[in-house]
Amino acid sequence: MQLAELSQQMQQAEEALVAKQEHIDKLKDDAEQHKTVMETVPVLKAQADIYKTDFLAERQAREKLHEQREFLQEQVAQLQRENEKLKAEFEGRALMEEMRNRHSEMRPSPQPNFLMGTTPFHPQSVTGRRQNVLEEQPIHYCPKCQYKAPDMDTLQIHVMDCIQ
């Protein structure tokens, strides 16, 4: 009986020993897995830091590009306004030039009246004046008082005042 009891205790002890050994093996496997995970955590953290740095750099680059885009759009708008202003000015000048040409075609250009005493008559000076007149822009004179105007606009303003 003792032998059967002892034999049974031994068998129970062996079974307990096998169970303990299985438990130890399982804990060793878990420890190995945890060790592998613990080794990959710093690598993953380093990758996350690199991704974060890249993301922040890209964000800054996008913000800088956005600022440059806004600046360039503002410049384009300013240049378009300036272009429109220059176009309007050009059209105004073209219209004035057309009016000037139309008026100069309709009437012969009045000659200065030398008899009024404004300029003494010298044949040499007349020849010199003809050359100067040909070289310069056409000179406009008031038909009433012979005022010499530098351009058609000034002459028109003067004529309106002179007539009144």
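Me: Contact means heavy atoms within 4.5 Å. With that in hand, which residues is Met152 in contact with, leaving aside its neighbours within four places in sequence?

Reply: Arg100, His103 and His140. Keep in mind that this is a predicted model.

Me: OK, how confident is the predictor along the chain, on average?

Reply: The mean pLDDT for the chain is 82, and 79% of the residues score at least 70.

Me: And where is confidence highest and where is it lowest?

Reply: Helix α1 (residues 2-106) has the highest mean, at 91, while helix α2 (residues 123-135) has the lowest, at 48. Over residues 113-123 the pLDDT is below 50, and that stretch has 7 contacts in the model beyond near neighbours in sequence.

Me: Back to His140. Which element is it in, and is it buried or exposed?

Reply: His140 sits in strand β1, which covers residues 140-141. It counts as buried because its relative accessibility is 9%, and the cut-off for buried is under 20%.

Me: What does His140 touch, skipping residues up to four places away in sequence?

Reply: Arg100, Tyr147, Lys148, Ala149, Pro150, Asp151, Met152 and Leu155.

Me: What makes up the largest nonpolar core?

Reply: Six names there: Cys142, Ala149, Met152, Leu155, Val159 and Cys162, for 6 residues in all. Helix α3 (residues 152-163) gives the most to this core, with 4 residues.

Me: I see cysteines in that list. How many disulfides does a search of the whole structure find?

Reply: It finds 0. A disulfide is a covalent bond between the sulfur atoms of two cysteines.

Me: Why does Cys142 have no bond to Cys145?

Reply: Because the sulfur of Cys142 is 3.7 Å from the one in Cys145, its closest cysteine sulfur, and that is too far for a bond. The cut-off is 2.5 Å.

Me: And why not Cys162?

Reply: Cys145 holds the closest cysteine sulfur there too, at 3.9 Å, so the pair is too far apart for a bond.

Me: Are Cys142 and Cys162 buried or exposed?

Reply: Cys142 is buried at 1% relative accessibility. Cys162 is buried as well, with a relative accessible area of 19%.

Me: Switching to charges: how many salt bridges does the count come to?

Reply: The count comes to 2. Side chains of opposite charge can pair when their charged atoms come close.

Me: Which side chain does Lys87 meet in a salt bridge?

Reply: Glu84, with a 3.9 Å N to O distance, and the cut-off is 4 Å. Both residues lie in helix α1, 3 residues apart, or about one turn of the helix. Lys87 is partly exposed at 43% relative accessible area, and Glu84 is also partly exposed, at 48%.

Me: What does Glu89 form a salt bridge with?

Reply: Arg93, and the closest N and O atoms are 3.1 Å apart. Glu89 and Arg93 are 4 residues apart in helix α1, so about one helical turn separates them. Glu89 is partly exposed, with a relative accessible area of 35%, whereas Arg93 is exposed at 58%.

Me: Last one: where does UniProt place the "coiled-coil region" feature?

Reply: The unreviewed UniProt entry places it at residues 3-30 and 62-89. In the model, residues 3-30 are 100% helix and 0% strand, and the end C-alpha atoms lie 40 Å apart. Residues 62-89 are also 100% helix and 0% strand, with 40 Å between the end C-alpha atoms.

Key. Residues numbered from 1 in each chain as written. Predicted model: local features only at pLDDT ≥ 70, side-chain atom pairs only at ≥ 80, totals over all residues. Heavy atoms only, no water. UniProt positions renumbered as here; feature names shortened; annotations may be inferred. Helix = DSSP H or I, 4+ residues; strand = E, 2+ residues; numbered from the N terminus. pLDDT = per-residue confidence, 0-100. Buried < 20%, exposed > 50% of the residue type's maximum accessible area, 1.4 Å probe, protein only. Core = buried A, V, L, I, M, F, W, Y, C linked by side-chain atoms within 4.5 Å.
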